[in-house]
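Grab a pencil and open the viewer. Below are some exercises, each with a solution worked through in steps.

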Amino acid sequence: MNLLTVSGSPHVYTEQSVSKIMYGVLLSLIPAALVSFYFFGLAAILVTLTAIVSCLFFEFIIQKYLIKGPVTIFDGSAIITGALLAFIVPASLPLWMVVIGSLVAIGMAKMTFGGLGKNIFNPALVGRVFLMISFPVEMNMYPKPTTLSTQLTDIISGPTPLAVVKEGVAQGEKVSDLMPQVPEYVDLLMGNMGGSVGEISAIAILLGGIYMLIKKIITWEIPASYLGSVVIFAGALWLINPEVYVDPMFHLVTGGLMLGALYMATDMVTSPMSRWGMIIYGIGCGFLTIVIRIFGAYPEGVAFAILIMNAFVPLINSGFKPQRFGEEVKNG
Amino acid sequence: MKTFKLGGVHPPENKLSQNAPIEVLALPETVAIPISQHLGVPANPVVKKGDTVKAGQLIAKGEAFISANIHASVSGTVQKIDDIVDSSGYRKKAIVIKTEGDVWEEGIDMSTDLIKEITLTPEEIVTRINEKGIVGMGGATFPSHVKLMVPQGKKAEYLIINGVECEPYLTSDHRLMLEKAEEMLVGIQIQMKALKVEKAIIGIENNKPDAIEHIRKLLPSYPGISVEPLKVKYPQGGEKQLIKALVNREVPSGKLPIEVGCVVHNVGTAFAVYEAVQKNKPLVERVVTVTGKAVKQPSNFMVRIGTPIAALLEAAGGLPENTGKVVNGGPMMGKAITDISAPVTKGTSGILLFEKQASSRKPVHNCIRCARCASICAMGLEPYLLAVLADNKRYEDCEAERIMDCIECGSCLYICPSGRPLLDQIRVGKNQVGKIMRARNQ
């Protein structure tokens, strides 16, 4: 008779796999991608493709020739890093800079730590911050949204709504006088504003987020605590003085907050493991985002806020354990 | 509907044999009865090669406090007392009997009449259950009489009857509840009398509505017993999870259910208790599910202990050609066996076959720290962390992270998208931590 396989229990396994999770995330990014292609045209498509291809290329090169280990570029994680990196840079960014950003994201932030699952910081955010520090001019020129543009040069750029408000307030202007200079809330929600490639449409990103929640790719704790704490902190300041501090709704729909809360902060690898850990982490992200946006040097604080909280994750993991069974004896 | 709170998974149920009535399997030519089929000290053989035995006759005596008597399951001649490979894959001593006829020991009531009146005193009940070699039929095979003796200073309030059968595929408890419900209910009353408790709750997952309905109808003549339908969630059949689900009490870490006033017994055990006390019949047969996607006739058999597993497979339509794995028990906690000539023992609830393509694990990838294992752990542990700590031989840290609380339900390995061998590493860690703890206590 033929030999039997012997292995420890259990003998059945979930259908879920790493690549299914990763491709699920990619699928959920489609609405945001479509909106950005609509408003930023060909330039956005080129930036996205360049980032994805270079991330795959660098991961391949490093795995094959530097580590000389198995090549796992099609597990989907490098594609996500590429797509997310593209989503948080301006559509007008020269493509060679996108390539450098990809190299930093994959090479420095991911592979040096040992590849998938080992990195401390979110690779795409590290790539963006590197570009922001290295190429401050190009990284601060945000093209104005048009419709299905194929233009690649002489793109008209302007400040993002967040920058308009921040600079205006710094020069002593009142928030109520500044608001006519930024798009209406409906436009902000739909994504009709200046900003990075994929971060502009809060609605499209929310759709993707809801898909990920339904598919159980992410859980509610981090997005809810992140967005909730932004509303609370920004709301408190706004209540103190609405002429100096813009209302919390504005914070929610502008900049990279939605993308950050649903895609960057929820990155499994770099976020905490327990429910309470996730909530604390989300609140920390929200707090730091508002502190940087309002009191920091940059108009936008999502990238730094998440990276700083990434650094706290090991500490959060050892401080916030899951609720153990039989720890509190409840008799009733 | 009630269920336990912390964690849990939903593996596909695949109860293929749930509509197959219990069939009595033909007597095998020989039986091999291991002298250790229970948790605790092996029993000592009291027969020798060449002896003639009757079915139901004592052949090995459990002499330690935690041990159990072993009885002949068939009548015939003792062929040898020798090591055989049992379903755990280890060589263990067994008494091999060649079947001759089907003659039963005197004093055993072989009729199918239901005897409701309980004449024995609580002490006599415990003695009888001990004599008849009854052990937990859910799989852990802990000697039942020990559980019915409440330690001094503790008080039992509830008898919890485990009819959850949360393991996918298995249906032996389900069929027993449908076909032997009255016997089981009398068995529960016997256990209530022994424990001196007023209340017994039968927990049944609501994927068995027919069993819930059937028992409910019978309940009026069995005061003190109630049935509670439970939301399907694995591992609800774990006794700590079941107690939490039914009476909302948490057994403290490292303690037994009696700490919160509960004693948990399986429905199969309740039936065995009935037979031992009312019929004077020792535990020599049990219901075994034979199932699997490629099995021709997924079945439930009433099988004599010691019957080779191969005989059950034959009766269920033969061993399918491309069988890759044979599991003793359910898919979540069962043990893969090496040899289908291994015998059925008191703890064998099912034989599950997997086709070759379903016999291997998923390829292993890096941990992506998705936290699924931590969020589904029914004991609130962090399997990813315990696995890494155990792998790095950091056993003190394992203990501090409460590795000994792990009930080895397998949910973490089931859910892991990276296919990591979490439970394997945790088992190694538990083993080492157990050694350290024993050394400390000496």
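## Exercise 1: the mixed sheet of chain B

Strand β15 (residues 323-328) of chain B pairs with β17(B) in the antiparallel sense, over five bridges. Helices (H or I, at least four residues) and strands (E, at least two) are DSSP runs, numbered from the N terminus, and two strands pair if DSSP finds at least two bridges between them.

Before going on, some housekeeping. This is a predicted model, where local features need pLDDT of at least 70 and side-chain atom pairs count only at pLDDT 80 or more, while totals for chains, interfaces and linings use all residues. Residues are numbered from 1 along each chain as its sequence is written, and chains are lettered from A and ligands numbered from 1 in the order in which they are written.

**Task.** Work out the order of the strands in the open sheet that holds β17(B), and find its edges.

**Solution.**
- Step 1: start at β17(B) and pick a register. Asn328(B) is the residue opposite Ile351(B) of β17(B).
- Step 2: look at another partner. Strand β13 (residues 285-292) of chain B runs parallel to β17(B), with four bridges, and here Gly292(B) faces Leu353(B).
- Step 3: move on from β13(B). Strand β14 (residues 299-304) of chain B is antiparallel to β13(B) and joined to it by six bridges; Val290(B) has Ser299(B) as its bridge partner.
- Step 4: put the order together. The six strands go β1-β14-β13-β17-β15-β16 (chain B), with mixed pairing.
- Step 5: name the edges. β1 (22-24) and β16 (335-336) of chain B each have a single partner strand, so one side of each has no neighbour in the sheet.
- Step 6: check cover. In β17 (residues 350-355) of chain B, five of the six residues are buried (20 or more other C-beta atoms within 10 Å of a residue's own; exposed means 12 or fewer, partly exposed is in between, and C-beta atoms are placed from the backbone).
- Step 7: add a helix. Helix α3 (residues 172-179) of chain B lies across β1, β13, β14 and β17 of chain B, at about 125 degrees to β13(B). For such angles, axes are lines fitted to C-alpha atoms, for helices over the stretch in contact, and angles run from 0 to 180 degrees between N-to-C directions.

## Exercise 2: the parallel sheet and its helices

**Task.** Say which helices lie across the sheet β11-β10-β9-β12 (chain B), and what the buried residues of α6(B) pack against.

**Solution.**
- Step 1: describe the sheet. Its four strands form an open, parallel arrangement, with β11 and β12 of chain B as the edge strands. Neighbouring strands are turned by 25 degrees against each other on average, direction ignored.
- Step 2: take one pair. β9(B) and β12(B) share five bridges, and Ile160(B) is partnered with Val264(B).
- Step 3: lay on the helices. Helix α4 (residues 181-195) of chain B lies across β9, β10, β11 and β12 of chain B, at about 150 degrees to β9(B). α5(B) lies across β10 and β11 of chain B, at about 160 degrees to β11(B).
- Step 4: zoom in on α5 (residues 209-218) of chain B, where Ile215(B) sits. Ile215(B) counts as buried because 25 C-beta neighbours fall inside 10 Å. Setting aside residues up to four places away in sequence, Ile215(B) touches Met177(B), Ala181(B), Ile202(B) and Val227(B) (contact means C-beta atoms, placed from the backbone, within 7 Å).
- Step 5: finish with α6 (residues 239-247) of chain B. Nine of its nine residues are buried, and the buried ones pack against β9 (158-162), β10 (199-205), β11 (225-230) and β12 (262-266) of chain B. Just past α6(B), Asn248(B) has a positive phi of about 55 degrees.

## Exercise 3: Phe40(A)

**Task.** Is Phe40(A) buried or exposed, and what does Phe40(A) touch?

**Solution.**
- Step 1: place the residue. Phe40(A) belongs to helix α2 of chain A.
- Step 2: count. Phe40(A) has 33 C-beta neighbours inside 10 Å, so Phe40(A) is buried.
- Step 3: list contacts. Beyond its neighbours within four places in sequence, Phe40(A) meets Ala91(A), Pro143(A), Pro145(A) and Val197(A).
- Step 4: check a far residue. Asn192(A) is 152 residues away from Phe40(A) in sequence, yet 9.8 Å away from C-alpha to C-alpha.

Notes
Contact = placed C-beta atoms within 7 Å.
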